[in-house]
Structures are given as C-alpha cells and as structure tokens.
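Trainee: I am new to this structure and would be grateful for a close look at a single part of it. Please take me through that part step by step.

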Amino acid sequence: MICVSAIDNRLSVEKSDPGRRGLKIKNPLREKACLKPELRRKDRPKLPEMSEFDVIRHFTRLSRLNFSVDTHFYPLGSCTMKYNPRFNEEAAALEGFASLHPLAHDDCAQGTLELLHDLGSRLKELLGLDAITLQPAAGAHSEFTGLLLAKAYFESRGEERDEIIVPDSAHGTNPATASMMGFTTVNLASRPDGRLDLETLKKHLGPRTAVLMMTVPNTLGIFETQIEEICRAAHEAGALVYMDGANLNALIGMVKPGELGIDMMHLNFHKTFSTPHGGGGPGGGAIVCRKALAPFLPVPTVKKEGGRFVSDFGDGRSIGKVKSFFGNTGVLVKAYAYMLAHSVKEFGEIARCSIINANYVRALLQDLYPSYSKEYCMHECVLTPGPDLAAKGLKTLDVAKGLLDRGFHAPTVYFPLIVHEAIMIEPTETESKETLDEFVAAMREIHALGVSDPQALKDSPHTMPVKRLDEVLAARQPNLRW
Amino acid sequence: MYVPHTEKDKEEMLKAIGAASLEDLVKQVPSKFLWPEFDLPRESLDESQAAARLTELSKKNCRPLSFLGAGAYERYTPAAVKAITSRTEFLTAYTPYQPEASQGTLQAIYEFQSTVCALYGMDCANASMYDGASSFAEAVRAAVRITGRRKIVYAAGVHPQYMDTLRTYFAHSPEYTYAKVPMKDGVMDKAALPALLEGAACLAVQTPNFLGLIEDMDGVADAAKKAGALLVAAADPVSLGVLKTPGEYGADFAVGEGQSLGLPLAYGGPYLGLFSCKKEHVRQMPGRICGMTKDKDGKRGFVLTLQAREQHIRRDKAASNICSNEALCALAATVYTALLGPEGMRELAEANMGAAAHAAGRLSSIKGCSLKFKGPFFNEFVLAVPGSAAAMRERALGQGVDIGLPLAPLYPELGETLLVCATEARTEADIARLEKAVKEAI
Ligand SMILES: Cc1ncc(COP(=O)(O)O)c(C=O)c1O
C-alpha cells in the first residue's frame, strides 16, 4: 500500500495508445483463415492498446490497492481467511495437472483421477459420511446440488415435500438456494442464545418438510448442543438434514459431522482447505452424504475398477450435471496438497487453535464490545459496538473503517442478521497470538477514539486509496463499464 | 501443518480466556462426539514428500498432442498473466466487501465487465459465474423470469453439457418444457423457428456451435422478438475477435466460457462464466456487479452495486444463490485481453481459424475421411471417419496423438465422426503428425 500514486486511478483503456501492442500471435497458419465479410464483426472491440510493461504496471498498481491475507490480518467471519500455503499453488500448477483436457481419455487422466479418488475417500472418512461429489464450484453451488439430491431422493420414494426449514441466523445462500429450487423457505426464529429451539422446530416439521438446513457451528459460532435431538426430530418427520459446512474449521479432526446425525453437508475448499479466495473466487465445493443419497450424485464421479480409475456415470438415477466437465479440479489439487500436509492429529489442531484464537479475541474485547452470546464460542465470535460507541451515534461500519486505517481488514459486518450491528470475527488458526494482540489493541484504540472524537471515526478511513464511497450514486446511476 | 501456536502460546491464551483447557471451551459439544477415531494417515507428509507424491501423480497423466476442444481449449498462458494472478494481493483477498481496502480487485472487476461487453457487443456484464454452462443456465433462468414463460427453445448445436446443466437448474419443476430446433447441415434449421418459438421464454443458441460451425444469426433475433421470446446466445469469446457479436445480431443475453481467454485446462476448472445482457435486463443479472462511483472527496472509486438482486440482501427472493464466483479467473482473462488488445484478439481468432482450416484440409484429403458439413467453422470441425471413431482415437493415443472427440455418444445421428479442434497452439508440424496418426489409426 505504500507510495501508490493515488492520483493515477485511470482505467487501462485510459492509458491506451492506438497502435501500441503487448502480445502478438504469429502462428503462420493464420494466413489460411478465411471468413465471409457478413460473418465478421463490424466494430473493433474497445480493448486497451498497451505494451506488456504497461499492462504489468497497471495491474501491479491495482494489486497494491488491496488488502489480502498475505498482507493484512483478515478476520472476515464465516470466510475462514487462513493462510493459503504456497505449496498448494505449485502443486496445482504442475504441468501434468494443469494441461489435462477435461475430455481426456480416462487412460490419459489416471493421475488426476487417482488424486480425486483419494481426496474423496479421505474426506468421507474425515467427515464420517459415505459418498461424495466434487463437482460443485463453490458453497452455494453445493447447496444447490444438495437440495437437488433431496428432491431426487424424495421423488424416488414417491414423496412430495416442498418446504425447507432455515434458521434466521443462516447465510443468505441457504434461503436463496431453497427458492431457486422451487422450495418454500420456512424461516425459523432462533432462541435468544442463538440456537434452534427444538420445540419450535418440531412445530414446523411435518409431511411437507423436505430438508432442515443448518450451519454447524452456526453463524454465531455456537454449536447446536441438541443436534442429535434436532436430527432425530427431522428424521422422525421424514425430512433430511443438510449441514452448511462453511464453518467446518471449528470441527475438523475433532468431530465427525456424520456422527451428529446429518444426512449431507457441503465443503468450501476455499475456506476450510486453505485454497485462496482470489478476490471472490474460484472456490471449490463438495457434497458429502449418506449412502441413501449416493445414487443421485452428479456425474461423473470417480471409481476404482481393478487397478484403474474411471469416470463413473452412475445408473441413470443421477441428478445430472451442475456444471460442465468434472469440477474445479485445479482447486481440488490444492485441497489435496493441504490434505497431505495434515495428519488426523494436525487436523484436530486446526480446530483447537481456531477455537482458542476466537475465544482469545472475544475475551480481550468483551468489556468494550459485548459478545452476542454469553458462552464461549467455537471458531468465531459475534461482537457488537457496545453502549459507549452507540451513545456517540457510532455504528459497526465506523468500527470497520477504523480498522482499515489501522492496517486490519474489517471483520464481517451486519451478519448474521439476527444480531443488531454484528461484528463477526473469525481469526482462523494460522494467526499468531502477537497478531491477535495487535488487533485487540487496534479495536480498543478505536473504542477510545470513538468516545473522544466520534467524528474522526465517522470520517474514517483516512489512509486508504479512497474515502468512503457513494454507494447510493453507484446504484442510482449504474456505471458498470467503460 | 500451518498453525503457529506453541504449547506456551496456547497456555497463555487459555489463561487469558479464563479456561482451564480446550475441553472447557468446547463443552457445548456433547463429549461423545469429541475426538472420534479416524481411519486416516497417522503421519502427514513433509513438503518435499508431498511434492514427490504430487509430481508422481501428475506424471501419471499422459500428455498426448491433443486436438480436443468441445468447450475447453488448449492455449498458451502468457507469463505476464501468471505474474499478475500470482500477486498474492489479488490471490489471497476475499470478495471486496470493504471497498476502500479492495480497490484493486474492484477496478479489475470493472475492467473485466467492460472487456466482456466489448467482446460480446453487449451493454453490461457481471463479475463472472462459475463456468460457461452455469452462465448459460442462469441466462435462461433470467429469460424465464422476465417473460414469465416456461418453454425453452434451444438449438441442437448447443453444447450438450450446457444443456445437461440447464436441465439440472430447472429439474425442480416439471412445468418447464423444452423444444429443440432441429439441425440442418450442422446448424439450426431457421425455417423451423417461427412455429417452435410460439409461447417460448427464449431461444438459446450457441455460435460457433458445439460442432464448430458458425450459425447464421441473420433474422434470428427478429424471429424471437416476434414471438415475444428473448434471445440467449453463447459464444466462445476468442471467436469474437473476428465474428459478428451477439450485440450486433440482437441477443438479449450473451454468455460464454472464459476458459479460452488463456486459462489452463486443468481437467475442467476453475473456468470462467461470462455473462452479459442488454441494459434493460441489468436488474435480472445474477451475481456480483461492480460499479464506478465517487468517494466523499469526489474521487473515482469502485463498489459492488445493485446488490438488491443478491442472496445476502434478498435471501429467498434473490435472482440467484451465487456468492463466490471466479474472480481470479476473470482477472486472468482481463490481463490476457489487455495484452492482446483489439488487434491481438483478431490475430488470435484468425490463427485459430487458420489452424483449423489447415487441419480440416489435411484430414479430409485422407481416403475414407471427409468433412461432415460444408458450412463455415471456427476452430473445430466434424470429421467423418471410416469405422469406429472411438477405436481410432484409442489407436492414435497409442501413438501419442489425441485425434479428437468421438461424437457418436452425443450425436448418434452423425454416425462415426470425430470433433477435431486446432487452436493457435497447433503448428503445421503438429497437424502433419495428426494427419499421420489418423491415417495409421484407420
Ligand atoms: C455460512 C455460509 N454458507 C454458505 C456460503 C456460500 O459459499 P460460497 O461463497 O462458496 O458459495 C458462505 C460463504 O460466504 C457462508 O459463510
């Protein structure tokens, strides 16, 4: 972030100079191209005309305007912004993996198929479930896949169920997925402690309930202590239980989700399994499920036949494909590299230290930023600005911007929706005590500033490449392209 | 393992928390669930061991000289693209929820959206979808929302996996019906359009189509409009270096697979769903959209915008459930196209056409082989072969050449055929090897 020229915020096309060239394509076969004029585009695409060096400097400059895990502590709750090992990147870039065409003959893809098979087997054991698909591209895409599995399952049993129960603490993708799949979302109010209320749940469960979607631990970083009873109640009503696994970091190597009674769950490889988030993707997803749902998994899956690995297109009961080709395989190679780097015990250490880190931050901030939940948390905690800041008219957003000025990315804010002015902090296990101490000090300093000079905090950030941005203008007069 | 804590750290931290042990912290988890047995390796690998294992696996994949295309294209990734996408300020950032600390990612998204608009000739584009297939499915979903109709008309030349994905996206309800525009000479039979389009939400077309042929889009948008249907067009962005754009032929939604903009094949992903539309449909776009705005001092800046369409705001009323997309792939495509510029994109498209034309010429001169269709094609074509195409492919693989994709499983009506692709990555010498391999495989 240092010494980036703040004035030069031109777009690439504004740096363009007609006739200037970066990359050229000189394959002489080009001469053989021939195209009728009526099939040709009339206008030249408005793309920048730049030298390679211009391009490198332009995007390098942009990169320096970003906060990232490598440059800043990034305690974005629910997003598990842990260190992304460099080794993973090298593994995925190995020529044999990176250059494999998705329609390659199975004989040519034995290495990748073996990797996917081994990754799948290990994940099933780690999670205590029976079957897996690695096709979904992200968490939301996995939810979509999971609900389709449920649909196919109930159809195969001749049951018509059209409701999905989603607690009000759930991530937006849960209800969005439910309605995208034609289900009705039944919103379930949480108890004051943030947990599901078993009796309320039972009232909503019935012959129309297809799936109970729950996040474990939930988005408040709280474990559903009655999960066994919850799953039992759902099953007694003939429904399935879906676990949003975005928060698996709290449980990995310590609890097998399958033993809790859930029927299926998703993984976000870009959270729990350390694959980088890339400023918004690519992610990688998976649905891991019980045997009863296995016949409906998307195709292909990988199976071992004799000594050979083959793509398995199932027995015709599959829900089909959720994306083209196999899945985000490049991301899966990174997840596998991460898998190899951990023994069972070391996975448990991830859960352990992510829980210690979240509780440590919570304990040191509680007096100024009251925690929504009065109990210990799991891997993340949800705090609030507290009465001192509220009295000065300061909001969570102000705290978030104050953090940017102090060299920390803000936590997730205003989520979960059930907490007024939520500040959701997930430090992850890869952050050291020293970093957390610095973060706590910054949060305390912000509190002091808010009390002594609230306007200074309202005006923050002061040190970023831009000040607070006009989001209303952006929405009223959309300017979405050059 | 990547955890920094020493035993002493943990002790101190537990003490600060006021807990005696970790077990204290996780009392909310019924103890019978804690620390189960796992049948997994007791020892992890150190980095060099893991590297050896992964290298060994990567070498089990063989690397024939490949003429496979069919929706994923082998292309050289320039060093400058890799240099930018491996900048960890991009690589290890999250979705830009804090715009002041994410201007780099945001401006890159804005430039990506602009690039997609420029290539497709469309008004607006989003920050990306998972891949071409999911973009295609979401565009059809948007058309269904806008028109309130349930009938989906599609050309027979749409990528079969796009159609599979589309059907999955609509699998929740039997109300949706499909009508296929039949194929004539490898392209859609336009004469069939008026009858089929009656009551349709959209006409979904891909050009160049799955068989590599360029569809004649003249009058197609009008036919759709007359029936009150929208036009959804899928196109390979590289082809648009020279071909008429969806904007020019009047598409309402234009989508594509961005893998061909310099991303590695990587056995199917991560790829890049390109999604664009006419201005009037902007509020029906799924996913993230970045917009330019001003900060408090009037300075240019970028934010995520029009979020009232999205899951985190609208929950069960959202246009789509998508959250994470393929941002880093979008960055790669933006850098790739910036390096090429308009001239480079034209050269690239022409090199593809030239390489495929040359390959088609060579292969069709082999006795028993012929081009299945006469129409103009982009960078792949259908070759009719004598005898089993699948068996020929296996024999040629033995010689280190993947001669293309046998089409019989997908299009039985085409008989024994191969879909052969040659991008600019193939040289005259490569194509001579292909010719020899096909001859020997017959
Ligand atoms: C609890 C929860 N569920 C689902 C998702 C969606 O995951 P993705 O962004 O991979 O689609 C997220 C990610 O933000 C999440 O935190």
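In β6(A), which residue is the bridge partner of A:Met243?

Mentor: The bridge partner of A:Met243 in β6(A) is A:Met265. Please bear in mind that the model is predicted. A:Met243 belongs to strand β5, residues 240–244 of chain A, and this strand runs parallel to strand β6 (residues 264–268), to which 2 bridges join it. β5(A) also pairs with strand β4 (residues 209–215) of chain A, again in the parallel sense, over 5 bridges. There, A:Val211 has A:Leu240 of β5(A) as its bridge partner. Together with helix α8 (residues 227–236), β4(A) and β5(A) form a right-handed β-α-β unit.

The setting of β5(A) is largely enclosed by the rest of the structure, because 5 of its 5 residues are buried. A:Leu240, A:Tyr242 and A:Asp244 point one way from the strand, while A:Val241 and A:Met243 point the other way.

A:Asp244 leads on to the ligand, as it is among the residues that come nearest, together with A:Ser78, A:His270, A:Lys271 and B:Ser324. The site is shared between chains, because residues from chains A and B surround the ligand. From chain B, a polar side-chain atom of B:Ser324 lies 2.6 Å from an oxygen atom of the ligand, and one of B:Tyr94 lies 3.4 Å from an oxygen atom of the ligand. From chain A, a side-chain N or O atom of A:Asn268 is 3.1 Å from a ligand oxygen atom. The ligand taken alone exposes 390 Å², of which the protein buries 99%. The surrounding shell comprises 5 nonpolar, 7 polar and 3 charged residues.

Conventions:
Residues are numbered from 1 along each chain as its sequence is written. Chains are lettered from A and ligands numbered from 1 in the order in which they are written. This is a predicted model: local features need pLDDT of at least 70, side-chain atom pairs count only at pLDDT 80 or more; totals for chains, interfaces and linings use all residues. Side-chain values use heavy atoms; hydrogens and water are left out. Buried means under 20% relative accessible area, exposed over 50%, partly exposed in between (1.4 Å probe, protein chains only). Helices (H or I, at least four residues) and strands (E, at least two) are DSSP runs, numbered from the N terminus. Two strands pair if DSSP finds at least two bridges between them. A crossover is right-handed if, with the strands pointing away from the viewer, the path from the first strand over the helix to the second runs clockwise. A residue is near a molecule or strand if one of its heavy atoms lies within 4 Å of it. A polar contact is a pair of N or O atoms within 3.5 Å; within protein, one must be able to donate a hydrogen and the other to accept it, and residues adjacent in sequence count only if both atoms are side-chain atoms. Accessible areas come from the Shrake-Rupley method with a 1.4 Å probe; for residues, only the protein chains shown count as cover. Ala, Val, Leu, Ile, Met, Phe, Trp, Tyr, Cys and Pro count as nonpolar, Asp, Glu, Lys and Arg as charged, and the others, Gly among them, as polar.
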